[in-house]
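Me: I would be grateful for a close look at one part of this structure, namely its salt bridges and the residues around them. Please describe them in a connected account.

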Amino acid sequence: MTPERRKLKRAHLIQRIRTVERMQSALAASEAEATRTRLLGVAERTRSLAAHYAHREGDLVGADLRSGKAMRDQLQKLTELSAKQAEEAEAQSQARREVLAQSDMRLRKAKESTRDLVRTIIAGLEKG
């Protein structure tokens, strides 16, 4: 096998590796975004439920008042937790998008490198 052929074969291999890497990054970014969206929905529903219990009026007996306060307190804690998880998911999603952008750049570079190598080989063949 000629050196040019080996170089071209290696360039194609690198390009295939970068393509797979990009696909894996895209999948991870998509999953992170889905998790973020799901957690934002949970946080919003929890906030809504907490607001409902916070504005609840007309409790007639002390037991209702105590259970309502306990529910509000638990919902407040749950709201804070779900908001924190949504923020963490946002950070994770952003990190995955950055990895995807980097793998896109590496794939583009691999394709350009392969094209340049092919041009060089063709130019060498035309001269020879």
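Reply: Glu44 counts as partly exposed, at 45% relative accessibility. In this predicted model, Glu44 forms a salt bridge with Arg47, and the closest N and O atoms of the pair are 3.4 Å apart. Both residues lie in helix 1, 3 residues apart, which is about one turn of the helix. Arg47 is likewise partly exposed, with a relative accessible area of 37%.

A search of the whole structure finds 9 salt bridges, and the pair of Glu44 and Arg47 is one of the pairs described here. As a general matter, side chains of opposite charge can pair when their charged atoms come close.

Another pair links two helices. Glu21 forms a salt bridge with Arg106, with 3.0 Å between the closest N and O atoms. Because Glu21 lies in helix 1 (residues 3–54) and Arg106 in helix 2, this pair ties together parts that are 85 residues apart in sequence. Glu21 has a relative accessible area of 21% and is therefore partly exposed, since buried means under 20%. Arg106 counts as partly exposed too, at 28% relative accessibility.

A further link between the helices is made by Glu33 and Arg97, which form a salt bridge whose closest N and O atoms are 3.0 Å apart. Glu33 belongs to helix 1 and Arg97 to helix 2, so the pair ties together parts that are 64 residues apart in sequence. The relative accessibility of Glu33 is 25%, which places this residue in the partly exposed class. Arg97 is also partly exposed, with a relative accessible area of 32%. Glu33 and Arg97 belong to a network of salt bridges that also includes Arg36 and Glu90.

Ser93 has contacts with members of this network. The position of Ser93 is in helix 2 (residues 62–127). The side chains of Ser93 and Arg97 are joined by a polar contact of 2.7 Å; Arg97 is thus a partner of Ser93 in this contact and of Glu33 in a salt bridge. When residues up to four places away in sequence are not counted, Ser93 touches Ala32, Glu33 and Arg36. Of these, Glu33 and Arg36 are named in the salt-bridge network. Ser93 itself is buried, because its relative accessible area of 0% is under the 20% limit. Its polar-contact partner Arg97, by contrast, is partly exposed.

Notes
Residues are numbered from 1 along each chain as its sequence is written. This is a predicted model: local features need pLDDT of at least 70, side-chain atom pairs count only at pLDDT 80 or more; totals for chains, interfaces and linings use all residues. Side-chain values use heavy atoms; hydrogens and water are left out. Helices (H or I, at least four residues) and strands (E, at least two) are DSSP runs, numbered from the N terminus. Buried means under 20% relative accessible area, exposed over 50%, partly exposed in between (1.4 Å probe, protein chains only). A polar contact is a pair of N or O atoms within 3.5 Å; within protein, one must be able to donate a hydrogen and the other to accept it, and residues adjacent in sequence count only if both atoms are side-chain atoms. Contact means heavy atoms within 4.5 Å. A salt bridge is a side-chain nitrogen of Lys or Arg within 4 Å of a carboxyl oxygen of Asp or Glu.
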